[in-house]
Amino acid sequence: MKLSIGIVGLPNVGKSTLFNALLKKQVADAANYPFCTIEPNVGIVEVPDERLPVLAKIVKTEKLVPAVVEFYDIAGIVKGASEGEGLGNKFLSHIREVAAIVHVVRLFEDANVIHVANKVDPRSDIDTIDAELILADMETLNKQREPKMNASKDERTTYEIVQRLKVELNKGISARNVALSDEEKVLTQQLNLLTMKPIMYAFNVSEEQLMQQDEIKKKIAELGITTNWIFFNAKLENDVLAFSPEEQKEYLNQFKLEDTGLNRLIKKCYEILGLISFLTAGTLEARAWTIKKGELAPEAAGTIHTDFTKKFIKADICSYEDFVAANGWVGARDIGKVVSAGRDYMMKDGDVVEFKIGA
């Protein structure tokens, strides 16, 4: 499963600085993962997973293949973008392709970095981006035509949902916050609404603010943002990538941070998209595979190769903790920690798996 995240924000909020840090991380990760740059505005970086080196040591392989995430630097969101202002049309085409949105919001004060509205006002910035996404979705909804007499039940239901969504979006409510059943959400997927995509907020703060994290959290709470957010300092994110892991830890400790903003961002994106990783470990490689939470074993097998879903027989599964404690498959089997799972097994994060596939 491809994990793609679009980074949006007004000019001069630190969006490009964050993206440049991601590109530097992409290069830094190259020793373990054969990265590529699809376009100048796309960066592919590893999903942090401290379990892989441990597995690799147990199975005696030097090849680690982490899950990866694609970050898109979305161009040109300004007021009026939904009507083509700035690079509005380009922004819309790119953002429709991503699975989730990261909205970079400026909290830092710096007289040398001009704000597009000449003042630092995070509430206004958030509202501006939200409004542009809602306006773009309204245009999509207004293009939906009333079903003809011979229309299917699904087509009629979809049109009814469209009318409900139009009412709510006109009130300034994003589609993701409209109460829809799971079945209704499936029917609206074809519309590819921007405000239906999960969103998280990345608040760019100064180094001084990093030393007063309670104040940061208070400001974010005052904005009404209660979940799906991180704070980071864009300059720090660029600087820290030049350090060794030990130096990174020491540097971050100065700011009472346990991990870089980039790693926290990637992990949070995994969370809001409802994703987990299962693991495979053998002499060829130790690898993390991305799947949706709740997927069954045959679907997970299909992540490795599409034919595996159809040809699935069973899966030998051991939790990561038990696999490590038993020092591999042989030890885990000896102490009865390997489960022989059938088609109805629901995958768990950190499952170490060997799939049995028929001819």
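This passage describes the fold of a predicted model, its central sheet, its nonpolar cores and a few individual residues.

The model is predicted, with local features requiring pLDDT of at least 70 and side-chain atom pairs counted only at pLDDT 80 or more, while totals for chains, interfaces and linings use all residues. Residues are numbered from 1 along each chain as its sequence is written, and side-chain values rest on heavy atoms, with hydrogens and water left out.

The protein contains 15 helices and 12 strands; helices (H or I, at least four residues) and strands (E, at least two) are DSSP runs, numbered from the N terminus. Of its 359 residues, 49% are buried, where buried means under 20% relative accessible area, exposed over 50%, and partly exposed in between (1.4 Å probe, protein chains only). The accessible surface comes to about 18,400 Å², and carbon and sulfur atoms account for 51% of this area; accessible areas come from the Shrake-Rupley method with a 1.4 Å probe, and for residues only the protein chains shown count as cover. Among contacts (heavy atoms within 4.5 Å) between residues at least 6 apart in sequence, 68% join residues at least 24 apart.

A good place to start the tour is the sheet. It is open and mixed in its pairing, with 6 strands in the order 2-4-1-5-6-7; two strands pair if DSSP finds at least two bridges between them. Strand 2 (42-46) and strand 7 (229-232) form the edges, each pairing on one side only. From one strand to the next, the twist averages 25 degrees. Strand 1 (residues 3-8) pairs in the parallel sense with strand 5 (residues 100-106) over 4 bridges, and also in the parallel sense with strand 4 over 5 bridges. Ile5 illustrates both pairings, standing opposite Ala100 in strand 5 and opposite Phe71 in strand 4. Strand 1 is mostly covered, with 6 of its 6 residues buried. Leu3, Ile5 and Ile7 point one way from this strand, and Ser4, Gly6 and Val8 point the other way.

Two helices can be placed against this sheet. Helix 8 (residues 213-222) lies across strand 6 (199-204) and strand 7, running at about 140 degrees to strand 7. Helix 11 (residues 261-272) packs on the sheet and touches strand 1, strand 2, strand 4 (68-73), strand 5, strand 6 and strand 7, its direction making about 170 degrees with that of strand 7. Such axes are lines fitted to C-alpha atoms, for helices over the stretch in contact, and the angles run from 0 to 180 degrees between N-to-C directions. Asn263 is found in helix 11 and counts as buried because its relative accessibility is 12%. Beyond its neighbours within four places in sequence, Asn263 is in contact with Lys25 and Pro48.

In soluble globular proteins, nonpolar side chains tend to be buried together. Here, the largest nonpolar core has 78 residues, of which Ile5, Phe71, Phe203 and Phe323 touch the most other members. A nonpolar core is a set of buried Ala, Val, Leu, Ile, Met, Phe, Trp, Tyr and Cys residues joined through side-chain atoms within 4.5 Å. Helix 11 gives the most to this largest core, with 6 residues. Leaving aside neighbours within four places in sequence, the contacts of Phe71 include Ile5, Ile7, Phe19, Leu22, Leu265 and Ile266. A second, separate core of 15 residues includes Ala300, Ala315, Ala341 and Met347.

Thr195 offers a polar counterpoint in the loop between helix 6 (182-188) and strand 6. Thr195 counts as buried because its relative accessibility is 1%. Its side chain makes a polar contact with the side chain of Asp137 (2.7 Å); such a contact is a pair of N or O atoms within 3.5 Å, and within protein one must be able to donate a hydrogen and the other to accept it, with residues adjacent in sequence counting only if both atoms are side-chain atoms. A polar atom of the Thr195 side chain also lies 2.9 Å from the backbone nitrogen of Ala175. Not counting residues up to four places away in sequence, Thr195 touches, among others, Leu133, Ile134, Leu169 and Ser174.

Finally, two loop residues deserve a look for their backbone angles. Most residues other than glycine have a negative phi. Lys60, however, has a positive phi near 60 degrees, and its place is in the loop between helix 2 (51-59) and strand 3 (64-65). Lys60 counts as exposed because its relative accessibility is 73%. Asn228 likewise has a positive phi, of about 55 degrees, and lies in the loop between helix 8 and strand 7. At 24% relative accessibility, Asn228 counts as partly exposed.
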